[in-house]
Amino acid sequence: MHPEVGVVVTDSTACARCYFDRASAPEQETVEYAEERRMALADAAALKKLAVDYMHPEVGVVVTDSTACARCYFDRASAPEQETVEYAEERRMALADAAALKKLAVDYMHPEVGVVVTDSTACARCYFDRASAPEQETVEYAEERRMALADAAALKKLAVDYMHPEVGVVVTDSTACARCYFDRASAPEQETAEYAEERRMALADAAALKKLAVDYMHPEVGVVVTDSTACARCYFDRASAPEQETAEYAEERRMALADAAALKKLAVDYMHPEVGVVVTDSTACARCYFDRASAPEQETAEYAEERRMALADAAALKKLAVDYMHPEVGVVVTDSTACARCYFDRASAPTQPSFTEPKASTTSTHTVQLKPKDAKTNVSSSKEVVASKRLPTHREANIIRKSASAVQLYGLDEDHDDSASFF
């Protein structure tokens, strides 16, 4: 037991090698080290006993001294109630079941987490990694979706608070004190829930009327039916229905009208250069083509209006002169109910001279010889010339050529002898 105690030899001639001191002998611990280890193990045993006493207060204290007397700390009147060993076992089993259910729920909710197998010979196909398995979202995507839904819920709550200021703020702190923003004296008047409901109903009616108007204005849009058993004849597709224009034709017509409007605007800009160009960009800078220094002088709108009125008056006078100069031209009437008597065809009208074709002559125009001594004869000769359909057009020596635009009075100017005015 004490190999460290040396062997005492009385024979001085004895010679031997010590088993424990040989070169290949294992290292021996000293008495001091063995004592240290013994004390450490004793302390560990005492701590273990203390821990057992602490963890299991239901185990009573064993006393070997029959005369010992003391009160148990755990059985005192003021001690908290202690659970029994059976109850602790039940709780342990319940917690174990909960842990197993939690693990099962985690495996169900996170199929992307692989199954950990400790048996290297186990072989099986994963249900979630099979070729026909539906696509699973990752943990990161699920977290992103959760955060997005949380943000949407917060925004919805904020929108509800903004849209319904009539709903009061719920406060759980009885000591909180503040003035309501919507009930302050200077707050704008808020509509009541009844008024908001009335407005909602009015808007719903307007939306229904709009839908009805759209259905009426666009019969080419088909009726959408969700009932597969519904059966009816379409009013617009019946055999006697008038032809409807297609959406493509309507679009073509809209584009044609848009082009016409653009061309009209271009024509207006071309015909009315006096109208300035309207620019909405305050930074735009350019020189006007019509206001430049070398631009020709433009007539004003007032001058153009005066010229138009003058031309209209001239056209009216020309029409009046034509009507006066050509009474043989009948009056054109567009009103079928108009009824009047013709001045020249009345019963009391004087007989009108008939116009006869002049005989052929060597010249293409009729000429009148003027003699100074016989002015009256010249006037009567000119009357006969007036009766001809072919009028002279120029004047030569002692010859009058009358223009077709000259005023013919048919002898009404005999008293004043205006025949010389054609010279």
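R92 and E89 share helix α2 (residues 85-109), where three residues, about one turn of the helix, separate them. The exercises below treat this predicted model.

**Exercise 1.** Determine which interaction joins the side chains of R92 and E89, and classify the accessibility of both residues.

Solution.
- Step 1. The N to O distance is 2.3 Å. A salt bridge requires a side-chain nitrogen of Lys or Arg within 4 Å of a carboxyl oxygen of Asp or Glu, so the contact between R92 and E89 is a salt bridge.
- Step 2. The relative accessibility of R92 is 46%, and that of E89 is 36%.
- Step 3. Partly exposed covers the range between the buried limit of 20% and the exposed limit of 50%. R92 is therefore partly exposed, and E89 is partly exposed as well.

**Exercise 2.** Describe the pairing of E143 with R146 by helix, distance and accessibility.

Solution.
- Step 1. Helix α3 (residues 139-163) contains both E143 and R146, three residues apart, or about one turn of the helix.
- Step 2. Their side chains form a salt bridge, with 2.4 Å from N to O.
- Step 3. E143 has 34% relative accessibility and is partly exposed; R146, at 46%, is partly exposed.

**Exercise 3.** Carry out the analysis for E197 and R200.

Solution.
- Step 1. Both residues belong to helix α4 (residues 193-217), and three residues, about one turn of the helix, lie between their positions.
- Step 2. A salt bridge links the two side chains at 2.4 Å, N to O.
- Step 3. E197 is partly exposed at 34% relative accessibility, and R200 is partly exposed at 46%.
- Step 4. The search of the whole structure gives 18 salt bridges, among them the one between E197 and R200.

**Exercise 4.** State how many disulfides the model has, and whether C69 and C231 are buried or exposed.

Solution.
- Step 1. The criterion is a pair of cysteine sulfur atoms within 2.5 Å. By this rule there are zero disulfides.
- Step 2. C69 is exposed because its relative accessibility is 77%, over the 50% limit.
- Step 3. C231 has a relative accessible area of 78% and is likewise exposed.

**Exercise 5.** Summarise the chain by secondary structure, burial, contacts and surface.

Solution.
- Step 1. The chain has seven helices and zero strands, giving the pattern α-α-α-α-α-α-α along the sequence.
- Step 2. Of its 423 residues, 8% are buried.
- Step 3. Among contacts with a separation of 6 or more, 41% come from residues 24 or more positions apart.
- Step 4. The accessible surface is about 39,600 Å², and carbon and sulfur atoms contribute 60% of this area.

Note on methods:
Residues are numbered from 1 along each chain as its sequence is written. This is a predicted model: local features need pLDDT of at least 70, side-chain atom pairs count only at pLDDT 80 or more; totals for chains, interfaces and linings use all residues. Side-chain values use heavy atoms; hydrogens and water are left out. Buried means under 20% relative accessible area, exposed over 50%, partly exposed in between (1.4 Å probe, protein chains only). Helices (H or I, at least four residues) and strands (E, at least two) are DSSP runs, numbered from the N terminus. Contact means heavy atoms within 4.5 Å. Accessible areas come from the Shrake-Rupley method with a 1.4 Å probe; for residues, only the protein chains shown count as cover.
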